[in-house]
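Hi,

Here is the structure I promised to send over. Have a look at it first, and then read my notes underneath.

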Amino acid sequence: MRLGVLDIGSNSAQLQIVDASPGAPPLPALAVKEPTRLAELIEDDGSLSEEGVHRAVEAIDGTLAAARRHSVEQLFLFATSAIRDAANRDEILDRIQQRTGVRPQYLTGEDEARLTYVAAHRWYGWSAGRILLFDIGGGSLEIALGRDAEPDLTLSLPLGAGRLTRQFLRDDPPSRRQVKDVQRHVRDMLREVADRLRWEGAPARAVGTSKTFKQLARLAGAPAQRKGPFVRRTLRREALDKWIPELADMRAAERARLRGVSASRAKQILAGAIVAKAMMSALDIKEVDICPWALREGIMLHHLASLQVHEEMLPLQTINAVTPSPDAALLRPVPDRLNA
């Protein structure tokens with residue numbers, strides 16, 4: 001089937017279309033991105049401005065048209081923190097529904113963390129061991145920890161790169177005081193979370209997802225996107241030590257000319273780097289692997305798993321090996337139906 005996920009994020013509305021079937025990986029067919037930059041349009045009272053609402057509606061209308069043109073059979077439409085946490089959230093959703101005929105759903109931060117973890121766990125497989133996952137969005141930081149198909153722990157904190165830029169890094173370039181203030185704020189918010197994660201012990205693999213991590217890794221020398229998804233990409237903490245002071249001294253227009261940094265994220269890439277560095281430092285993580293799959297793939301995989309038909313390909317018969325029955329000695333072996 002042809003599936004689509006339309007994610008209304010803080011920076012853009014992104015439509016990912018895949019060809020998929022239960023038990024197989026979703027194969028990319030088309031990606032459409034409409035810029036929104038909603039993180040820049042949050043008012044002091046926490047509401048999304050009229051211009052922001054207009055941008056969201058227009059972007060969704062355009063991407064929905066692309067989904068129809070490309071024969072998407074099932075489409076998942078959801079909003080992340082920029083709309084979910086807006087004071088006028090219901091008004092925004094009403095306006096989208098009036099214009100497009102559909103009403104986006106929104107996931108909690110913990111749901112986002114769980115679904116992103118599902119994607120990362122599927123990408124790396126069971127041999128990855130215990131995964132500690134970080135996802136730096138525009139409005140929030142999602143964290144998940146686990147070894148199995150579902151995470152043991154999920155957390156969401158208001159430490160998105162766009163949110164922190166709007167709150168602390170108002171000047172271009174920011175002042176030294178502004179940079180120190182945001183660093184202190186991030187460390188303070190992470191302190192209790194870090195204590196909880198340290199109690200769980202060191203993970204076998206630390207993973208970063210989201211555009212912020214991908215751009216930071218590329219800035220630090222990771223292979224370009226054109227090399228494909230199977231090339232290993234990492235981000236080392238020592239690279240952030242080098243780049244944070246350099247980014248802090250640049251204007252957004254200068255950052256946009258750096259390797260891997262897009263113009264739409266140039267203003268907030270510094271805040272993203274500060275969050276990544278603080279999290280890695282607090283947990284003594286020297287390197288994170290960059291996972292090409294994230295929330296959108298997690299939603300698709302979750303849906304495909306729900307469609308999986310569990311058929312007994314082999315008529316296996318079990319016996320109770322824990323509680324012996326009175327005639328346990330008479331238990332017969334499982335019949336070999338294959339040779340019947």
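Below is what I found where the two domains meet.

First, the fine print: this is a predicted model, where local features need pLDDT of at least 70, side-chain atom pairs count only at pLDDT 80 or more, and totals for chains, interfaces and linings use all residues. Residues are numbered from 1 along each chain as its sequence is written, and side-chain values use heavy atoms, with hydrogens and water left out.

The domain assignment (bounds from an automatic or database source) gives domain 1 as 2-106 and domain 2 as 109-297. Their C-alpha centres are 22 Å apart. Counting contacts (heavy atoms within 4.5 Å), 17 residues of domain 1 touch 16 residues of domain 2.

Together the two domains bury about 1500 Å², with 46% of that on carbon and sulfur atoms; buried area here is the accessible area (1.4 Å probe) lost on putting two parts together, summed over both. On the domain 1 side, Asn11, Ala39 and Arg84 lose the most area, together 30% of what that side buries.

Arg84 also turns up in a salt bridge with Glu112, at 2.7 Å from N to O. The rule (a side-chain nitrogen of Lys or Arg within 4 Å of a carboxyl oxygen of Asp or Glu) finds three salt bridges across this interface.

As for what domain 1 brings to the interface, strand 1 (2-8), strand 2 (12-19) and helix 2 (81-84) each supply at least two residues. These elements are DSSP runs numbered from the N terminus (helices H or I, at least four residues; strands E, at least two).

Cheers
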